[in-house]
Amino acid sequence: MTAIPALTASDLKYGYGREASIVNGFNLEVAAGEWLGIVGPNGSGKSTVLRMLSRLAAPHGGAVEMDGRDMAGLDGKAIARQMTMLTQTQEPVTDITVRELVRRGRNPHLKWYEECRGKHEDVVDWALRVTSMDPLQHRLLQELSGGERQRAWLAMCMAQTPKLLLLDEPTTYLDIAHQLELMELIRGLNRDQGITVVMVLHDLNQAARYCDRIVAMKQGAIVREGSPSELFRADFFRDVFGIEAKVYYDDGVPVYLPCGIAKRGSAAESA
Amino acid sequence: MATLVTGKGRAQQAALSRHARRVAVLIGMVALLLAAMLVGLMSGAISIPAREVWTSLLHASDSEARQIVWNLRLPRVLTGLLAGICLAVAGAFLQGVFRNPLADPGIIGVSSGGGLAAVVIMILFPEHIAYLPISAFLGALAAAAVVYALAWKDGASPLRLILAGVAVNSLLGAGMTALMILNSEKVQSVLPWMSGSLNGRSWPHFDTLLPYTVVGLLASAFLIKTANLLVLGDDAAKLLGGRVEAGRLLIILLSTFLAGAAISIVGMVGFVGLVVPHIVRLLVGNDYRIFLPVSAIGGGALVIAADTAARSWFDPIEFPVGILLALLGAPFFLYLLRRGIKR
């Protein structure tokens, strides 16, 4: 008997009219406690999948289950107590301090008449601490650097005390040091707090270094799936991304080096 | 260890100073309002000293001061207070749900809808002038409903709402202008209303506006949390368990209700709903629990002060308060934008 998966997507479909299949028959089981990476070329539908998993977008077919229950029938706050997402970019919210932002993460845990006080403030303190934002908590959001601001929003996500954290390319606009800082931070949340992580990434080497498991999408469906060392082969890069690549190993972690665009053959379609 | 303590100490100090600042702004704003009310009761064609204002308020008598203070100035000041509160609260809410600091009650068609309805009554059906407030109110609601319906496509995004608002506003504005050009002999009576005026507003006006204001403010209290989520963006609000579309609709409804009630009594007073929330946000931040009440008080204070100036500076002409607000407000607003207040 296996444990109930943290998140299950069955036969998800998205797209209508001319964009008939942004996502077409997406199936996924996310085990509790794992760190899953979703990779794929531009337009492969990975961000759309993440929006459906987080219920920001309603699937046009199929269902998402959280802890074995269909999300479509669950209350928004009940979902928000279990799961949240750090989006790639956020609204430029002004005149709000980091702490005020993080406090709003308690919303799903508060009744309509309740204020963020007492034990909820303790959770806010904790969320600021695990994201190393406590020294900046009284700064205004608009005064922070891009990396700090991304961490502030992550702190708000943590104040929701989610079991499941989705992230949509959260490092895209960060320099390499801030990228690694954020990845290390999420590793800590995954390992120490036991938070299940589902993350869309662009950087395949970071995916290999941090993720337990990777699914690769192309044209709206999963085409490959496995651990980084299982997946990282020359044919994987050729088939999924249309590039020639060499794979090396560094301390048991696969690292790829792109060498050029793959010649169009039977397996490699244009990406 | 030592650095840790000072770090924490500094953080606490920052939190305290922010809190202290908010309390100071709140107290300052209440003081400003009371001062505006007092000066509003003292000044006019006949100046009445503060002491005499006070006795006139407390004791009924046949004195001239009592007549002026109780029957003329007090209802006018209080009507201005309510109108200012309604407009500022509506503006504060709308700037939040549109996530646009330039949003105001005009953007969703409240002013142009109410305006057209009022102009129709004043020019075409002057014998039904008694129905002007209710017509203006319904016109405001109808225009906002049209804007919302036009903007709807799998939800009403802020951008589509603003675009639909611009389109509806220009259409209704054209209708107003056309009516006035075709009936130019009657325009004189319309102009003060169009620019927003408290001239001749008395107890019946106050009594009409009061229940709307009270109901609107009570409803506001229930939408503070929703507004606090919506300012974070639609995605973030939904990820935090908020009901985005329903919340936005309720807030737009409430703002329409408040602003529509205000303009149906005092005419098309602009700028209060734009400038007051903008300034208050710079002072106390974007938390509606404090932002909304301070905006309300500030809106009341501004309208009273502007009306007092409008009727005493240009004596014997009663200058419409709306024009003065725009004349004073626009440059001040630009100054604020350029300076970008530092905290």
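Reader: Let's start with the hairpin of β9(A) and β10(A): which residue in the turn has a positive phi?
Author: This is a predicted model, where local features need pLDDT of at least 70 and side-chain atom pairs 80 or more, while totals for chains, interfaces and linings use all residues. Residues count from 1 along each chain as written, chains are lettered from A and ligands numbered from 1 in written order, and side-chain values use heavy atoms, without hydrogens or water. Two residues lie between the strands (DSSP E runs of at least two residues, numbered from the N terminus, as are helices, H or I runs of at least four). The one with a phi of about 50° is A:Gln219.

Reader: Which residue of β10(A) does A:Val215 stand opposite?
Author: β9(A), residues 213–218, pairs with β10(A), residues 221–226 (at least two DSSP bridges make a pair). Their pairing is antiparallel, over five bridges. Opposite A:Val215 stands A:Glu225.

Reader: How far apart are the end C-alpha atoms of α4(B)?
Author: Helix α4(B) runs over residues 110–124, 15 in number. At 1.5 Å times one less than that number, the expected span is 21 Å. The model agrees, with the ends apart by 21 Å.

Reader: Is α4(B) mostly covered or uncovered, and how many of its residues are buried?
Author: α4(B) is mostly covered. Among its buried residues (under 20% relative accessible area, 1.4 Å probe, protein chains only) are B:Gly113, B:Gly114, B:Gly115 and B:Ile121. Of the 15 residues, the buried ones number eleven.

Reader: At what angle do the axes of α3(B) and α8(B) cross?
Author: The axes of α3(B), residues 64–97, and α8(B), residues 203–230, come within 9 Å. The two helices are roughly parallel (under 35 degrees), because their axes cross at roughly 25°.

Technical notes. Axes fitted to C-alpha atoms, helices over the stretch in contact; angles between N-to-C directions. Parallel < 35°, antiparallel > 145°, perpendicular 65-115°, else oblique. Buried < 20%, exposed > 50% of the residue type's maximum accessible area, 1.4 Å probe, protein only.
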